[in-house]
Every structure is written in structure tokens, then in C-alpha cells.
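Trainee: Could we go through this structure together, please? I should like to begin with its pockets.
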Amino acid sequence: MSSALETLRRDFGGDIIEPGGAEYESARRSVLASGSPACVLRPESVEDVRAAVRFAAGAALPLSVRGGGHGFAGFGTNDGGVVIDLGGLASVEITDKERHLVRIGGGATWGQVAAALAPHGLAISSGDTKGVGVGGLTLSGGIGWKVRKYGLASDNVVAAEVVTADGEVVRAGTDENPDLFWAIRGGGGNFGIVTAFEFAAHPTTDVFHGTIAFPASEAAGVLQGWADHLRTAPEELTSIASFANPFAGGPEAPVEIQVAFDGDDPELAARAVDPVRRLGTVIADDVALKPYADTLVEGLTPPPGIRLVTRSAFADRESVPDVLRILVEASASEGAPFIAVRSVGGAVSRVPGDATAYAHRQAELMFVTTVAGPEPVVEAARPALDAIWARLAPHVGGAYANFLASATEEDVAAIYPTRTYERLAAVKRQYDPGNLFAHNHNIRPR
Ligand SMILES: Cc1cc2nc3c(=O)[nH]c(=O)nc-3n(C[C@H](O)[C@H](O)[C@H](O)COP(=O)(O)OP(=O)(O)OC[C@H]3O[C@@H](n4cnc5c(N)ncnc54)[C@H](O)[C@@H]3O)c2cc1C
């Protein structure tokens, strides 16, 4: 590999970081995983990405593509392979002021995007955390604070520039490579490296955002009432309910309902949010008008050795009462996982099911269980976690790739129903027949 690296050095404008180098200790880690790659390549341009892809293909080593580095499954690093770290491709440029079109580098983070768009009164429906990458979040969907009004982050992509496995640059959009465009909106990093996304952004005022908390003892009623309210609430309201937070008392932790009302009219906001306040005994309420960019939080980087095991699934309308009942019962035991339930529906459900590779459009809620700690703690929690999921199984479906710490065949089948998978496999055969981009929730070309 060393002679191939010498050749790469001639064509590559970015940093090449190898074991022993000054930056290797930080470069080998993604936010949630540690590794010991043979080299970390930090491209500064599309030409660098092309050179890096050709180098990785020639080296026949495992390849990780890292965007914001927040993937739960730890695909952003590996042992003994090549990491292409896209952090240097983080530009945010408004390309069409009238149509609010924005070109964003494939390694940008949502915090960088929100900060760059705020002075222009624009925003993109994204996630809730500054450090999360535009690449990873968007390629598998993207559930953010404007999801009910504007859909998934990927629903707002109008085109992308992709470096494919053979090192070529292609554009994917409705009129160019539409099959690739379909696949990258839900199919993850399977098809190439997205060096730039073109998004349609939305004019954005300040928004009402914050958390309303209730005692754990009221969880059952609050959560069912919350789910009922979201069915008729205006789509400006997006919300996340979380409970059993182990860092806030576990079974005794308050039920926290985070709300984001996409607008600055206090009366309309109150009409949407007050019914949440009436669901139980409010013990804290910090909902306030703030700039959209301030709704995004700084993510925590856990110390080395701490594992986060996330599992996710979707609930449709009929199963919501059973799913919430099981989750609330589970949250009452010591050692319960942290549980977060996100509202989806709205604009997500109006996009035709076959328009993109994201396959769970009719779900009303998406929920995530998280267990965190050193390996022995996570292993000790596994039987109880498996028991919760066994109880949920008859009532839930699918999985959201972005909140899935594992990537078994069962996981991939849950993310992509058979018809979606087969269509993705056909696109994979065309753009990555040798499965160079395999370190992900993998679609096999055959
Ligand atoms: C603290 C935290 C908060 C989160 N909040 C939300 C949220 O509000 N909503 C939500 O939907 N999700 C959320 N997530 C989940 C998040 O969307 C996923 O973890 C996602 O994979 C992170 O993307 P990344 O680029 O930061 O991660 P990375 O680990 O860098 O990337 C994950 C994978 O995506 C692929 N990839 C990334 N960029 C590119 C690219 N440019 N081209 C090709 N492939 C690429 C690669 O296969 C890579 O391995 C959150 C995660 C964390 C840890």
C-alpha cells in the first residue's frame, strides 16, 4: 500500500494521516466509535475525493466514508482500512435566491448549515444536533424540527453531485440519473460519495421551541394524549417525547415533550402548544421564541469505551396505543433504556411511497431505545432490552437506519422492505458493482 500512497500524494490536495502522525489519535475516531485505520484521507476538493476513491478501490481495503461522524453503527471508521473524511467539504452557498436553492458540501454539519443560512432568513428541515452530518442524516432520511411541515431532509434535496465507485463524478436529479437520485434519498451511503447536495431551503422566522415536562407517574396519559393531539395539530408543530432518561432518574425521570412550532405568531403557537400543557401536571416549561439555529443543540461526545446501542422502529396509527403502553410499562423498571418517540406523518406521508428509497412514509411515530455505558453495562442490559422488543414486535414495523447501532441482515431487511431492496440492488449493480461502499447498512449488488 505504501507505494500506492506515494502515488496518491501526488494527486491529493488534502491531508493524508497515518498511524504515528500528529493528528492520527483524533482522526482515527468517529464521534461514537474508535478504530485503527491504515490511513485517513481528508479531501479538500471533488478531485481529491475522486483520487481517494480510486486509491481505496485499488488498495482493496475496507473503506469508511465519514461525514459528520455521528453514525451510531460506527461506520465512520474501521480497523486496517481507509477512511475518507469529508469534513473539508463543508461549504454552504446560496445558488438561487428566488428559489432558495442551497448547495452544501457533503461533509458539512447541520450546525454549519443553520449558521450560514440564518442571516438569509432560510433554514432546511434537518436534525436536532449541530454536529450531525448533512451526509449521513440526509442519505437515510433525516427527521428534524420541520419534518411535519416540510418532510424529511432528503425530501428537500433537488439534486446531488456524486463520486461513484469508479471515481467518476455524476449528477443525480429528476432529469439526470433519476435512478441514482431515487436511491440516495433513503438508501444511505451505498452508491457513492456525495460531494455536494442541492437543497430547497425554506424561509424561516424565529420559532417557538422548548421542553414541557411532566412527572413520570403521569407518563401513560401524557403520551397517549400527546399522540392524539399530534393527529389534529397544525403541521407547524413537530415534537419529540422522551422518558426514562437514565441520567435524569431512570424510571423516575420526567416525561419531556420537546416542541418546535415553525412560526413566530404567539397566538398560533399557543393554540398548537397549549393542548400539550393541559395533558398533565407541568413541572417545567421553557418554550420560548428563538432563532431556528438556536434549536439545534451541541451533541455530546462520549468518552472512549462508552457504547451507545440504539434500536428504532415505526408505529402506524392503529398500533400507537399498544406501542406507547408497552414503552411506558418498560420504562418503569430499573435499567430501562432511554426512550424517545418522534412525530412524523404530515408532509412525510404525502410523498408517494415509491418516490424515494425511504420506505416508512405512513408511520405516525418513530421511536428509539438507547442503552449507553461501558460494554459490560450494555451487555447486562441486553436481555431486558430484547424482552421489550419481543413485546413490541407484533405492533411495530421497519427500522430507521439513522437510529440503528447494528447492521445485521435482519436490520437491513427492516429498513428496506423487499421491493425497495430489490430496486436498490439494481441501482447498486449499476453504480457500485464491486460493493466498494460496503461499510454501511449494505445493499448487495447481487
Ligand atoms: C447526537 C445525535 C443526534 C441525532 N439527531 C438526529 C435527528 O434529529 N434526526 C435524525 O434523523 N437523525 C439524527 N441522528 C442520527 C444521524 O442522522 C445518524 O447518526 C447519521 O448517520 C449521522 O450522519 P453523519 O454524517 O454525522 O455520520 P457518519 O458516521 O459520518 O456517516 C454515517 C454514514 O453515512 C454515510 N455518509 C455520510 N456522509 C456521506 C456522504 N457525503 N456521501 C456518502 N456517504 C456518506 C457513510 O456511509 C457513513 O458511514 C442523530 C445522531 C446523534 C449521534
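Mentor: Certainly. Please keep in mind that this is a predicted model. The second largest pocket holds about 510 Å³ of space.

Trainee: Which residues are the closest to the centre of that pocket?

Mentor: They are Arg311, Trp389, Leu404, Glu410 and Asp411, out of 23 residues that line the second largest pocket.

Trainee: And which elements give two or more residues to the lining?

Mentor: Those elements are β17 (306-315), α12 (375-392) and α13 (409-415). The most comes from β17, which gives 6 residues to the lining of the second largest pocket.

Trainee: How do the residues of that lining divide into nonpolar, polar and charged?

Mentor: The lining of the second largest pocket has 11 nonpolar, 6 polar and 6 charged residues.

Trainee: Let us turn to the backbone. What is the phi of Ala60?

Mentor: The phi of Ala60 is near 50°, a positive value in a residue other than glycine. Most residues other than glycine have a negative phi.

Trainee: Where is Ala60 found?

Mentor: Ala60 sits in the loop that runs between α3 (46-59) and β3 (63-66).

Trainee: Is Ala60 buried or exposed?

Mentor: Ala60 counts as exposed because its relative accessibility is 66%, and the cut-off for exposed is over 50%.

Trainee: What about Asn435, what is its phi?

Mentor: Asn435 has a positive phi as well, near 55°, and is a residue other than glycine. Asn435 lies in the segment after α14 (418-431).

Trainee: Why does Asn435 count as buried?

Mentor: Its relative accessibility is 17%, and buried means under 20%.

Terms used. Residues numbered from 1 in each chain as written. Predicted model: local features only at pLDDT ≥ 70, side-chain atom pairs only at ≥ 80, totals over all residues. Heavy atoms only, no water. Helix = DSSP H or I, 4+ residues; strand = E, 2+ residues; numbered from the N terminus. Buried < 20%, exposed > 50% of the residue type's maximum accessible area, 1.4 Å probe, protein only. 1 Å grid on protein atoms, 1.4 Å probe; cavity = no way out; pocket = protein on both sides within 12 Å on 5 of 7 lines; lining within 4 Å. Points joined across faces, edges and corners; volume = space filled by probe spheres on them. Nonpolar A, V, L, I, M, F, W, Y, C, P; charged D, E, K, R; others polar.
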